[in-house]
Amino acid sequence: MAAAAALAAAEPPPAMPQAAGAGGPAARRDFYWLRSFLAGGIAGCCAKTTVAPLDRVKVLLQAHNHHYKHLGVFSTLRAVPQKEGYLGLYKGNGAMMIRIFPYGAIQFMAFEHYKTLITTKLGVSGHVHRLMAGSMAGMTAVICTYPLDMVRVRLAFQVKGEHTYTGIIHAFKTIYAKEGGFLGFYRGLMPTILGMAPYAGVSFFTFGTLKSVGLSHAPTLLGRPSSDNPNVLVLKTHINLLCGGVAGAIAQTISYPFDVTRRRMQLGTVLPEFEKCLLITQSES
């Protein structure tokens, strides 16, 4: 769902009809960017909140939280409310909501910038330039918003009664003070970057391909006239969502091993294995 919103927002604006004065093409294009940013951000917030329980379960199981590591996905979904209440399924979602808008804005603007740069400087066009621009935009957005992702994962991994952090601000202060300052927020960045390239690239590539093929072969069934320009066809809302979901699922499957590695590194200092390694190192020294 979030993939659908992000991918739809990253599509270039349709051609605007000529108009005079302040309401001309430039003004309408600016309005398109603002509208796309707000729509993408709100859609991203709704989508992430909807899947937040599954995302919390994923973090708990990826890093083998000792309370839930013996359970499966559905068993954990039942166990978390029993142990932590239903709000326990939404731990870390606040940090995700804060991250959505800057992440979407950076990715949206970076995609358009990289796409233009690749076309003009390298002379590459078609699906290849969409793939390259999507990968670069994804990596740029991840790097800029990574500290919020780190805090979100730390909060999501906590279990009621064993809190290390009392909230987002406290988590920021604690990580900065105890884990090497600003660099402490970038644990696991390398597997994130390595995984983001195939994830973002495949997402944009698959979405763009599905859109092109769909509008070419079944324009009446899958498309509708754009509200900005009736001469331009865009995907219907439910088809747009379906294409984004398929693209996101394929990309997530390909990059999933990197995601597991990232989570383990992000949670390194709060995992039991880290404490054991630290005690062994201290005893040997």
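## Asp149 and its two arginines

At 1% relative accessibility, Asp149 counts as buried, because the cut-off for that label is under 20%. Keep in mind that this is a predicted model. The acid has company: the side chains of Asp149 and Arg99 meet in a salt bridge, at 3.7 Å from N to O. That contact links distant parts of the chain, with Asp149 sitting in helix H6 and Arg99 in helix H5 (residues 93-122), 50 residues apart. Arg99 is buried too, with a relative accessible area of 9%.

Asp149 also has a salt bridge with Arg262, this one at 3.4 Å, N to O. Arg262 belongs to helix H10 and Asp149 to helix H6, so the bridge ties together parts that are 113 residues apart in sequence. As for accessibility, Arg262 comes out at 14%, so Arg262 is buried as well. There's one more distance to note around this arginine: the C-alpha atoms of Arg262 and Ile193 are separated by 9.5 Å, while the two residues are 69 apart along the chain.

## More salt bridges

How many salt bridges does the structure hold? The count is 13. Another of them pairs the side chains of Glu179 and Arg154, at 2.8 Å from N to O. Here Glu179 lies in the loop between H7 and H8 and Arg154 in helix H6, so parts 25 residues apart in sequence get tied together. Both ends are tucked away: Glu179 counts as buried at 13% relative accessibility, and Arg154 is buried with a relative accessible area of 1%.

Then there's the network. Salt bridges that share partners join Asp55, Lys58, Arg99, Asp149, Arg152, Asp259, Arg262 and Arg263 into one network.

## Aromatic rings

On to the rings. The model has four aromatic pairs. In one of them, the rings of Tyr146 and Tyr186 have centres 5.6 Å apart and planes at 15°, so this pair is stacked; planes under 30 degrees apart get that label. The two tyrosines come from distant parts of the chain: Tyr146 is in helix H6 (residues 127-157) and Tyr186 is in the loop between helix H7 (168-178) and H8, 40 residues apart. Tyr146 is buried, at 0% relative accessibility.

Phe172 and Phe185 make a tilted aromatic pair, with 5.3 Å centre to centre and 45° between the planes. This contact also links distant parts of the chain, as Phe172 is in helix H7 and Phe185 is in the loop between H7 and H8, 13 residues apart. Are the two phenylalanines buried or partly exposed? Phe172 is partly exposed, with a relative accessible area of 26%, whereas Phe185 is buried at 3%. Put the ring pairs together and they link Tyr146, Phe172, Phe182, Phe185 and Tyr186 into a cluster.

## Helix H8 and its kink

Does the length of H8 come out longer, shorter or as expected for its residue count, and what is the span? Helix H8 covers residues 189-217, which is 29 residues, and at 1.5 Å a residue the helix should span 42 Å. Its end C-alpha atoms are 41 Å apart, which agrees.

H8 has a bend along the way, though. A kink of about 30° lies at Met196, shortly before the proline Pro198.

## A nonpolar patch on the surface

Which residues make the nonpolar surface patch? Leu210, Leu242, Val246, Ile250 and Ile254 do, and the patch comes to about 400 Å². Helix H10 (residues 237-266) gives the most to this patch, with four residues.

Val246 is a patch member that lies in helix H10. With a relative accessible area of 36%, Val246 is partly exposed. The spacing of the patch residues makes a general point about helices handy: an α-helix has 3.6 residues a turn, so residues three or four places apart point the same way. H10 also carries Arg262, which is buried with a relative accessible area of 14%.

Terms used:
Residues numbered from 1 in each chain as written. Predicted model: local features only at pLDDT ≥ 70, side-chain atom pairs only at ≥ 80, totals over all residues. Heavy atoms only, no water. Expected span 1.5 Å × (residues − 1). Bend = angle between axes of the 7 residues up to and from the residue. Phe/Tyr/Trp six-rings, centres within 6.5 Å; stacked < 30°, edge-to-face > 60°. Buried < 20%, exposed > 50% of the residue type's maximum accessible area, 1.4 Å probe, protein only. Patch = residues over 30% accessible without salt bridge, like charges linked within 9 Å, V, L, I, M, F, W, Y side chains within 5 Å. Areas by Shrake-Rupley, 256 points an atom, 1.4 Å probe, with all protein chains shown as cover. Salt bridge = Lys/Arg side-chain N within 4 Å of Asp/Glu carboxyl O.
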